[in-house]
Amino acid sequence: MAIIEVNDLVKRYGKHTALSGVSFSVEEGEIFGILGPNGAGKTTAVECVEGLRRPDGGSIRVLGLDPVGDGDRLHRQIGVQLQQTQLPENIKVWEALELYASFYRDPLDWRTLLERWGLADKRGARFGKLSGGQQQRLFIALALVGNPRVAFLDELTTGLDPQARRTTWKLIQEIRATGVTVVLVSHFMDEVEELCDRVAVFDRGRIVAVDTPAGLIARVDTEHEMRFRPMAEFDTGLLADLPGVVSVTRSGGQVVVSGTGDFAGTVTAALARDHVLVADLRMDQRTLDDAFIALTGRPFEA
Ligand SMILES: Nc1ncnc2c1ncn2[C@@H]1O[C@H](COP(=O)(O)OP(=O)(O)OP(=O)(O)O)[C@@H](O)[C@H]1O
């Protein structure tokens with residue numbers, strides 16, 4: 001079931017059109033990514049969905065509600081991650097959580113959230129004294145304290161070190177496992193690839209694709225390589241005519257096959273059929289970066 005439906009959304013700031021005809025839907029229980037470079041319109045789109053901005057055209061339904069007309073009812077069921085400037089420096093961690101919990105009918109126990117997000121020993125600390133990573137985790141806890149059906153997380157792991165990012169990803173997956181739908185705005189390709197079930201790729205106020213990360217990557221049909229070391233001599237000619245294979249070369253003890261599409265699957269099947277055992281099999285992976293270039297003609301510049 002679609003929990004968010006956006007159709008033909010238009011938003012202008014004066015003469016500047018920030019969104020021109022954006023449509024997407026988010027299914028209940030998924031982690032839906034909104035990916036795109038600076039200024040692509042991600043925040044504008046999400047803030048329209050949250051009811052924080054009024055669209056100039058199109059329609060939006062979130063949990064069956066109109067974010068502008070039914071804002072109060074909607075806000076009791078969604079959680080929104082704050083940006084850095086939106087909490088007073090002096091507020092204590094527990095005060096912020098208690099305040100946010102008071103906005104909701106059926107909030108979670110914020111003490112449990114403090115434990116989960118590694119902030120238990122910071123409950124009495126002032127917001128302004130927290131490290132960047134701790135502030136970030138507090139923002140996520142605040143987005144979840146209302147026990148929302150949909151959580152909107154924006155720049156989830158900005159300012160976190162690599163290990164903290166991984167931990168955060170794991171926690172987000174756990175949140176999804178409890179049935180919360182997550183909309184994740186991100187600049188980070190690896191984050192989107194790791195976490196999101198589907199992704200809307202934004203570019204210059206439009207959506208250029210909505211797909212699974214793997215589906216987006218599969219659209220990139222540029223040539224790429226696989227390499228392996230055969231355990232015994234074999235005739236590389238048997239690979240040359242397979243569908244998708246462009247070239248087969250030898251480099252030292254390695255065989256390098258380049259091709260397009262699913263040539264790797266075809267090559268491994270052919271090797272298995274001919275009982276050729278191989279070691280050190282490696283693929284050069286295509287990534288979401290490649291997909292972005294294929295979709296927009298430009299490299300992704302966050
Ligand atoms: N309040 C505003 N007034 C005027 N222009 C705005 C306003 N908010 C955003 N814009 C412009 O609208 C466009 C889309 O901005 P938006 O913040 O939605 O993009 P974004 O993809 O979220 O970018 P970022 O990743 O930098 O947050 C940009 O050109 C931006 O300069």
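This report describes the ligand shell and strand β3 of a predicted model.

## Basis of the model

Because the model is predicted, local features need pLDDT of at least 70 and side-chain atom pairs count only at pLDDT 80 or more, while totals for chains, interfaces and linings use all residues. Residues are numbered from 1 along each chain as its sequence is written.

## Ligand shell

The ligand is surrounded by Y13, H16, A18, G36, N38, G39, A40, G41, K42, T43 and T44; a residue is near the ligand if its C-beta atom, placed from the backbone, lies within 6 Å of it. By class, this shell holds 3 nonpolar, 7 polar and 1 charged residues. Here Ala, Val, Leu, Ile, Met, Phe, Trp, Tyr, Cys and Pro count as nonpolar, Asp, Glu, Lys and Arg as charged, and the others, Gly among them, as polar.

At least two shell residues come from each of β2 (16-27) and α1 (42-49). The most are given by α1, with 3 residues. Helices (H or I, at least four residues) and strands (E, at least two) are DSSP runs, numbered from the N terminus.

## Strand β3

Strand β3 (residues 31-35) is largely enclosed by the rest of the structure, because 5 of its 5 residues are buried. A residue is buried if 20 or more other C-beta atoms, placed from the backbone, lie within 10 Å of its own. I31, G33 and L35 point one way from β3, whereas F32 and I34 point the other way.

Two strands pair if DSSP finds at least two bridges between them. Strand β3 runs parallel to β7 (residues 181-186), joined by 5 bridges, with G33 partnered by L184. It also runs parallel to β8 (residues 198-203), through 4 bridges, and there L35 is partnered by V201.

Definitions and conventions. A residue is buried if 20 or more other C-beta atoms lie within 10 Å of its own, exposed if 12 or fewer, and partly exposed in between; C-beta atoms are placed from the backbone.
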